[in-house]
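Please take the sequence and the structure together, and follow the paragraphs below from single residues to sheet, helices and aromatic rings.

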Amino acid sequence: MNTHRDALVSGRTALGIELGSTRIKACLVDAADPATVLAVGSHEWENDFVDRTWTYSLDAVWSGLQAAYAALVADAEARHGVRPRTAGAIGVSAMMHGYLAFDAAGELLVPFRTWRNTTTGPASAELGELFGVNIPLRWSIAHLHQAVLDDEPHLSRLHTITTLAGHVHERLTGRRVLGVGDASGMFPIDSATAGYDAELLARYDARVGSALPKPLLDLLPEVLVAGEPAGELTPEGAALLDPSGELLPGIPFCPPEGDAGTGMVATGSVAPRTGNVSAGTSIFAMVVLERPLAQPHHELDLVTTPAGDAVAMVHCNNGASELSAWASLFGRFAEAAGVPVAADAVFETLFREALDGEADAGGLLAYNYLAGEPITGLDEGRPLIARTPDSRLTLGNFVRAQLYGVFGTLALGMQVLHAEGAALDRMFAHGGMFRTAGVAQRFLAGALDAPVSVADTASEGGAWGAAVLAAYLGGARDGTPLDAYLDREVFSGFAADTVEPDPDDVAGFASYLARYRAGLAAERAAVESIALKGTAR
């Protein structure tokens with residue numbers, strides 16, 4: 001008997017969909033055994049930089065979702081000989097934060113402003129003073145308040161604001177809701193109620209007065225915690241996700257979550273003293289807190305797990321994109337030389353070469369700042385390679401410097417969290433750059449001076465985490481907490497490879513980071529003096 005085929009036919013599955021910064025991915029798992037992946041599908045996409053704004057078009061959202069879902073169906077048919085028409089549950093995840101503003105007819109009022117934009121400095125500063133907590137530049141409330149400060153004309157027609165996951169979920173189910181983890185990147189959450197902080201909502205309404213057409217709470221999506229039902233796939237939603245007409249409506253949905261929340265789930269890091277690092281276009285670390293932080297820090301966000309527990313987040317706008325650009329350059333060189341190499345093989349070759357680099361990257365520095373970086377106070381980015389005349393420019397040192405550069409700003413933020421005394425028993429990492437065993441993982445352990453674990457699901461990432469949250473819809477019915485469900489039903493048989501920090505790597509990265517911190521002056525000078533293409537200072 002083919003149990004996987006039976007699960008697909010009968011719908012005893014859970015489907016996770018995640019809209020990441022460079023890929024939209026769909027992942028189908030066995031609902032009774034969420035560790036078992038039955039099929040996957042993906043679609044590559046990229047943000048656009050239009051009128052100095054990082055954005056994605058909504059047309060690209062839906063064409064990409066349809067392509068990823070179609071690829072998943074084809075993969076299921078190739079593996080198991082059946083095209084799934086239903087599922088036991090669906091979960092949607094996407095990049096957090098940003099600003100999606102709609103009028104009463106559901107029309108987008110301004111282009112989607114993603115988390116990557118850093119134009120909300122005045123709003124962030126004013127809100128931090130008003131609320132007494134750090135409000136990062138990328139949060140939805142910062143984008144909304146910046147529109148208020150700028151007296152943008154679209155505000156008179158504003159009916160709702162949401163995140164990307166919230167928008168997709170609403171179009172598929174008709175429900176305007178968010179998981180608490182994603183909602184915590186829109187507006188501060190009261191941990192006692194797992195809802196928006198009522199006192200801060202009142203402060204905000206008093207501050208803006210009639211600048212908005214309705215109270216802030218009415219603009220925001222309803223907040224749900226993991227395990228709560230969040231609607232069902234409507235006939236219109238089924239046709240939107242699968243224009244072939246094969247997908248049946250009526251499938252239950254879990255609350256839509258942000259990529260930080262699904263990253264925590266994908267690494268089993270939702271209990272206090274656990275943490276995870278997620279590396280993609282951005283890179284961020286999440287540490288579930290035992291106690292509140294002593295004071296606000298601009299380097300640290302306070303968000304929540306999908307169950308509503310408090311989390312300190314170190315979010316860096318710039319992750320592995322610059323590293324990927326260099327890998328593409330080396331891949332093109334190999335092709336031009338007549339020895340083409342597959343993209344994955346290019347990464348593996350370069351990463352292995354980095355192991356031969358010197359512990360401090362030989363005096364090289366790499367800044368991966370394609371966009372602004374709030375942690376280091378930069379509104380824009382200029383990718384840089386810098387070295388001194390006595391540095392050693394080898395391929396190993398070059399690649400190690402690039403990898404260290406991915407972790408540089410993250411390490412600065414983690415030092416602030418460490419100074420707060422936040423306890424951490426384990427740190428998991430996930431994302432494509434950890435697929436080459438023992439390289440990025442080892443360097444991250446050196447950067448954090450802490451053990452780093454990578455599980456078998458590292459490359460599946462948030463789409464798998466969204467599928468697990470969908471499966472938890474059934475698991476939560478008996479009152480099982482999310483952390484207990486993950487330990488018992490998902491991770492009990494999982495293999496995870498743990499790397500302890502190498503003392504040479506720790507010392508080498510510390511030396512690199514000291515130069516990196518000092519060299520930020522050169523990065524700032526580059527932003528000030530080198531204009532973007534087609535613009536003038």
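A residue is called buried when its relative accessible area is under 20%, exposed when it is over 50%, and partly exposed in between, with a 1.4 Å probe and protein chains only. This is a predicted model, in which local features need pLDDT of at least 70 and side-chain atom pairs count only at pLDDT 80 or more, while totals for chains, interfaces and linings use all residues. Residues are numbered from 1 along each chain as its sequence is written, and side-chain values use heavy atoms, with hydrogens and water left out.

With a relative accessibility of 7%, His315 counts as buried. His315 belongs to strand 17, which covers residues 310–316; helices (H or I, at least four residues) and strands (E, at least two) are DSSP runs, numbered from the N terminus. If residues up to four places away in sequence are not counted, His315 touches Trp115, Arg138, Ser282, Ile283, Phe284, Asp301, Glu373 and Ile375, where contact means heavy atoms within 4.5 Å.

Strand 17 is also part of an open sheet of 7 strands, whose order is 16-17-15-14-22-23-24 and whose pairing is mixed; two strands pair if DSSP finds at least two bridges between them. Strand 16 (301–304) and strand 24 (496–499) stand at the edges with a single partner strand each, so one side of each has no neighbour in the sheet. On average, neighbouring strands of this sheet are turned by 30° against each other, direction ignored. Within the sheet, strand 14 (residues 274–279) and strand 15 (residues 283–288) run antiparallel and are joined by 5 bridges, and Asn276 has Met286 in strand 15 as its bridge partner. Helix 13 packs on the sheet, where it touches strand 14, strand 15, strand 17 and strand 22 (426–430), and its direction makes about 25° with that of strand 15; axes are lines fitted to C-alpha atoms, for helices over the stretch in contact, and angles run from 0 to 180 degrees between N-to-C directions.

The aromatic rings come next. Rings of Phe, Tyr and Trp (its six-membered ring) pair if their centres lie within 6.5 Å, and planes under 30 degrees apart count as stacked, over 60 as edge-to-face and the rest as tilted. By this rule there are 17 aromatic pairs. In one of them, the ring centres of Tyr404 and Phe443 are 5.6 Å apart and the planes stand at 80°, so the pair is edge-to-face. Because Tyr404 lies in helix 13 (residues 395–419) and Phe443 in helix 14 (residues 440–448), the pair ties together parts that are 39 residues apart in sequence. Tyr404 is buried at 1% relative accessibility, and Phe443 is buried at 1% as well.

Tyr472 and Tyr485 form a tilted aromatic pair, with 5.1 Å from centre to centre and 55° between the planes. Since Tyr472 lies in helix 15 (residues 461–475) and Tyr485 in helix 16 (residues 482–490), this pair ties together parts 13 residues apart in sequence. Tyr472 is buried with a relative accessible area of 5%, and Tyr485 is buried at 4%. The axes of helix 15 and helix 16 come within 11 Å and cross at roughly 105°. That makes helix 15 roughly perpendicular to helix 16, a label for angles of 65 to 115 degrees, whereas under 35 counts as roughly parallel, over 145 as roughly antiparallel and the rest as oblique.
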